[in-house]
Amino acid sequence: MKEFFTQFFTWWNGQTLNTRFHTWRHGELIGEDEFGNRYYRTKGGARDPALGYERRWVIYNGLAELSRVPPGWRGWLAHTYATAPSQEDYAPREWQKLGAENHTGTAQAYRPQGSILTPEERPKATGDYAAWSPGD
């Protein structure tokens with residue numbers, strides 16, 4: 001029952017009911033990655049008349065976060081690679097790295113020097129800036 005409500009009320013946690021229905025009706029499973037994400041395309045590789053190419057999508061295992069998609073699958077989703085990693089012997093190159101989780105809005109978010117959210121004190125102004133005011 002919890003899974004039903006999660007799919008009905010959230011879009012960021014796996015798939016919605018509409019996505020499940022669309023995938024069941026129009027999707028063809030292409031493969032699965034090491035994180036449990038499942039990759040689909042339109043049945044038979046049919047081209048979408050509005051787009052001119054086949055639709056490809058991922059159903060995440062957990063939170064919908066693109067940084068959890070490996071480089072090979074990411075290239076396939078973006079139509080950079082014609083062949084999915086599950087259909088060939090794919091090995092990522094040494095310069096291809098897994099994405100880092102997006103920490104925006106969390107305590108681990110990047111806060112550069114001078115940000116009002118850092119615990120450090122902001123550096124003093126250097127005097128090379130003159131504030132603008134209307135009428136000047």
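This passage describes the strands and the nonpolar core of a predicted model.

The strands offer a good place to start. Strand β1 (residues 27-32) pairs with β2 in the antiparallel sense, and five bridges join the two. Five residues lie between these strands in their hairpin, where G36 adopts a positive phi near 90 degrees. Strand β2 (residues 38-42) in turn pairs with β3, again antiparallel, over four bridges. Within this second pairing, Y40 is found opposite W57 of β3.

G27 belongs to strand β1, and its bridge partner in β2 is T42. Although 15 residues separate G27 and T42 in sequence, their C-alpha atoms are 4.8 Å apart in space. With neighbours within four places in sequence set aside, the contacts of G27 are H22, Y40, R41, K43 and W57. The relative accessibility of G27 is 12%, under the 20% cut-off, so this glycine counts as buried.

Strand β3 (residues 56-59) is worth a look from both sides. In a regular strand, side chains alternate between the two faces of the sheet. In β3, R56 and V58 lie on one side and W57 and I59 on the other; all four are buried, and both faces of the strand are thus covered.

V58 also takes part in the largest nonpolar core, which has nine residues. Its companions there are I30, Y39, Y60, V69, W73, W76, L77 and A84. Helix α3 (residues 71-77) provides the largest share of this core, with three residues.

Methods:
Residues are numbered from 1 along each chain as its sequence is written. This is a predicted model: local features need pLDDT of at least 70, side-chain atom pairs count only at pLDDT 80 or more; totals for chains, interfaces and linings use all residues. Side-chain values use heavy atoms; hydrogens and water are left out. A nonpolar core is a set of buried Ala, Val, Leu, Ile, Met, Phe, Trp, Tyr and Cys residues joined through side-chain atoms within 4.5 Å. Buried means under 20% relative accessible area, exposed over 50%, partly exposed in between (1.4 Å probe, protein chains only). Two strands pair if DSSP finds at least two bridges between them. Contact means heavy atoms within 4.5 Å.
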